[in-house]
Amino acid sequence: MTEKDFILSGYQNLKKEGKVGYKSPSNIALIKYWGKRANQIPANPSLSFTLDACATKTTMSFERLAKPAENFSFELYFEGEPKPDFKPKIETFFKRISPYIPFLKEYHFVINTGNSFPHSSGIASSASGMSALALCLMEIERGHQPTMDDDFFLKKASFLARLGSGSACRSIEGSIVQWGKHDAISDSTDLYGVKYSDEVHSVFDNYHDTILLVDKGEKQVSSTVGHNLMHDHPFATQRFEQAHRNLSQLMTVFKKGDLDGFVKIVESEALTLHAMMMTSMPYFILMKPNTLEIINKIWAFREASKTHVCFTLDAGANVHVLYPENEKEIIHQFIKDELVAYCQNQQYICDRIGFGARKLTV
Ligand code: DP6
């Protein structure tokens, strides 16, 4: 599909009013997206586990205006309170998607949103937030085009979410989603995320992700600034090639159920992401001393216990601890005994691989 396929024209019978809602999960990248071109086109392919517990719930009421708005007309409430500082981000999102959603200026919207995870936990809410919003808009569009099929609905929801935040395009479906052109994945595209449809060994069913909240502070650097630093980065070409190779290798790992191979690729991707940040100009370090303490503890425990616990990181200090279902008891105990002490206010979130967004009854 191309961008043009997402431009619908000739809505018939625009509804007067209505309300829709979606719950959309966060996701954790195993192969990292870091670097993008204009229009939210990724510099390399990425792949993520869709999460389950960390999610955003969004409802959107809409009412037809007497005449189309000059600018976008909407109110925004976050956990019940007006949230003016979120408005510019949504305005930018609306501007980017308006060629694809022609009815945007025809309505006044009331958006109510909230996260399942604690506010300012350092967990990025852009993936779950933007995907929930994209799904609400698609639900309104489907109301105008009742013959729309599910395949188009999901692809366009992911396409729109990408324009809000790149990683959000991987938060529509579960349980493994790939985004960005890759030779070995025939339906892969830079335009939207696709459900990973190659063989995946059952050892990856119900995979766990315990998120250790190491630092809940404001991000030192926005991901958009971080992505842009890849433009003149001395190691950019090698990094983008490496992401392609790592994704190819991960496909074999998924097929074989090779947990040792999984650990190597996932941890290397996380450290490479941070290495890119440390070697950009300007450079920055997002890990905290406790991030490193946790990594060292994980390595020592993995060696001693012969389990397959491993870590990954986002663009921040928090640590995602990943492990298979059949090792969960011993690793839970290890987290409680040895890792929780390094979390801010001992806070952590038990999450696992999930099955994607779902519609809310509103
Ligand atoms: C490190 O999706 O937040 O989490 O497209 O600028 O909104 P924007 O960036 P964003 O970048 C996420 C980067 C990452 C890795 C990943 O999720 O693949």
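In the predicted model, 32 residues of domain 1 are in contact with 42 residues of domain 2. The two domains into which the protein is divided comprise residues 3-197 + 355-359 for domain 1 and residues 207-352 for domain 2, and their centres, taken over C-alpha atoms, are separated by 26 Å. Between domain 1 and domain 2 an area of about 3100 Å² is buried, with carbon and sulfur atoms giving 70% of that area.

Both domains also take part in the surroundings of the ligand, since the shell around the ligand draws at least three residues from each of domain 1 and domain 2. Of the 17 residues around the ligand, those that come nearest are Tyr 33, Lys 36, Ser 165, Gly 166 and Ser 167. When the shell is sorted by class, 8 residues are polar, 5 are nonpolar and 4 are charged. Among the elements of secondary structure, helix H4, which spans residues 223-228, gives the most to this shell, with 3 residues.

Several side chains place polar atoms beside oxygen atoms of the ligand. A polar side-chain atom of Thr 224 lies 3.0 Å from a ligand oxygen atom, and a polar side-chain atom of His 227 likewise lies 3.0 Å from an oxygen atom of the ligand, while for Gln 40 the corresponding distance from a polar side-chain atom to a ligand oxygen atom is 3.3 Å. Of the 460 Å² of accessible area that the ligand has on its own, 93% is covered by the protein.

Terms used
Residues numbered from 1 in each chain as written. Predicted model: local features only at pLDDT ≥ 70, side-chain atom pairs only at ≥ 80, totals over all residues. Heavy atoms only, no water. Near = heavy atom within 4 Å. Polar contact = N/O pair within 3.5 Å; in protein donor to acceptor, adjacent residues only side chain to side chain. Areas by Shrake-Rupley, 256 points an atom, 1.4 Å probe, with all protein chains shown as cover. Helix = DSSP H or I, 4+ residues; strand = E, 2+ residues; numbered from the N terminus. Nonpolar A, V, L, I, M, F, W, Y, C, P; charged D, E, K, R; others polar. Domains from an automatic or database assignment. Contact = heavy atoms within 4.5 Å. Buried area = accessible area lost by both parts, 1.4 Å probe.
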